[in-house]
Amino acid sequence: MTDQQIATRCKVRTMTPTALGEESRAKTTTALNGLLADAFELYLKTKNFHWHVSGPHFRDYHLLLDEHAEQIFAITDPMAERVRKLGGTTLRSIGHIARNQRLSDNDADYVSPSDMLAELRYDNEQLIAHMRGAHGLCSKHNDVATTSLLEVWIDEAERRVWFLFETTRHA
C-alpha cells in the first residue's frame, strides 16, 4: 500500500458523518483542540498548586484546588469526543498539548498561596476568553451541540474565577 493510499484510508476513517460543512469541521476541531490543550495545562497546574500549597489556609486551598482540578479534567473527554464526532483528530501526546496550549506553565519551585490563586484565576479567565471565541465561531457555523457544551464549560469556569476571586479578596 502506498503512502497516499494509507493517508486516504486514514482520512476516510475519521470522517464521521455530520451536516456541518468541511470548513466548520476544520475550524471547530482546531478551536476545540486548542481548548483541550489549555484544559490539560490548567488541570496540571491546578494539581501542581494543590500538591504544593502551604500555609494557614492549607486545608481550604488544598480542597478547593482539588475540586477545581476534577472539574477541569471532567471536560477533557467530552471535548475530545466532540472533536471526534466532527470527524477530526485530537491531541495525542504531551508534546502535542505543549504545541497547542496558550496558557503558561509554572515550573517554579515555590509559589506563594496567594500567587497560586491569582495565577489560576487569570488562567481561568483566559480559558473563558478562548471558550467565548470558540463559541462565537461555532455559533456562526450553526454548530449548536458544541455551542451548548461551551456554554456549560464557560459557566463552570466563571464559577472557578468567582471562587478564586472571593478567596483572595481582602476585607
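How many aromatic pairs does a search of the whole structure find? In this predicted model, the search returns 2 aromatic pairs. One of them is formed by Tyr43 and Phe73, whose ring centres lie 5.0 Å apart. The planes of these two rings stand at 45°, so the pair is classed as tilted. Distant parts of the chain are linked by this pair, since Tyr43 belongs to helix 2 and Phe73 to helix 3 (residues 58–85), with their positions 30 residues apart. Both partners retain some accessibility: Tyr43 is partly exposed, with a relative accessible area of 24%, and Phe73 is likewise partly exposed, at 43%. An aromatic pair is also formed by Trp162 and Phe163, and its geometry is edge-to-face. The centres of the rings of Trp162 and Phe163 are separated by 5.2 Å, and their planes by 85°. Because its relative accessibility is 26%, Phe163 counts as partly exposed.

The fold that holds these pairs is helical. The protein chain contains 6 helices and 0 strands, which gives the pattern α-α-α-α-α-α along the sequence. Along the principal axes, the C-alpha atoms of the chain fill a box of roughly 65 × 35 × 20 Å. Of the 171 residues in the protein chain, 42% are buried. Among contacts in the chain with a separation of 6 or more, 79% are accounted for by residues 24 or more positions apart.

Two packed helices are described by the angle between their axes and the distance between the axes. Helix 2 (residues 22–52) packs with helix 5 (residues 113–140) at an angle of about 165°, and their axes are 10 Å apart. As angles over 145 degrees count as roughly antiparallel, helix 2 and helix 5 are therefore roughly antiparallel to each other. The crossing of these two helices is left-handed. On the side of helix 2, the contact is made by Lys27, Thr28, Ala31, Leu35, Asp38, Glu41, Leu42, Lys45, Thr46, Phe49 and His52. Helix 5 contributes Met116, Glu119, Leu120, Asp123, Asn124, Leu127, His130, Met131, Ala134, Leu137 and Cys138. Divided by class, the contact of helix 2 with helix 5 comprises 11 nonpolar, 5 polar and 6 charged residues.

Helix 2 also holds Asn48. This residue is buried, with a relative accessible area of 18%; the assignment follows because buried means under 20% relative accessible area. Asn48 and Ala37 are 11 residues apart in sequence, and their C-alpha atoms are 16 Å apart in space.

Helix 5 packs with helix 6 (residues 144–168) as well. The axes of helix 5 and helix 6 come within 9 Å and cross at roughly 160°. Helix 5 and helix 6 are therefore roughly antiparallel to each other, and their crossing is left-handed. The residues of the contact of helix 5 with helix 6 divide into 14 nonpolar, 7 polar and 6 charged. Helix 5 thus takes part in a left-handed crossing with helix 2 and in a left-handed crossing with helix 6.

Methods
Residues are numbered from 1 along each chain as its sequence is written. This is a predicted model: local features need pLDDT of at least 70, side-chain atom pairs count only at pLDDT 80 or more; totals for chains, interfaces and linings use all residues. Side-chain values use heavy atoms; hydrogens and water are left out. Axes are lines fitted to C-alpha atoms, for helices over the stretch in contact, and angles run from 0 to 180 degrees between N-to-C directions. Helices (H or I, at least four residues) and strands (E, at least two) are DSSP runs, numbered from the N terminus. Angles under 35 degrees count as roughly parallel, over 145 as roughly antiparallel, 65 to 115 as roughly perpendicular and the rest as oblique. A crossing is left-handed if the near helix is turned anticlockwise from the far one by less than a right angle, and right-handed if clockwise. Contact means heavy atoms within 4.5 Å. Ala, Val, Leu, Ile, Met, Phe, Trp, Tyr, Cys and Pro count as nonpolar, Asp, Glu, Lys and Arg as charged, and the others, Gly among them, as polar. Rings of Phe, Tyr and Trp (its six-membered ring) pair if their centres lie within 6.5 Å; planes under 30 degrees apart count as stacked, over 60 as edge-to-face and the rest as tilted. Buried means under 20% relative accessible area, exposed over 50%, partly exposed in between (1.4 Å probe, protein chains only).
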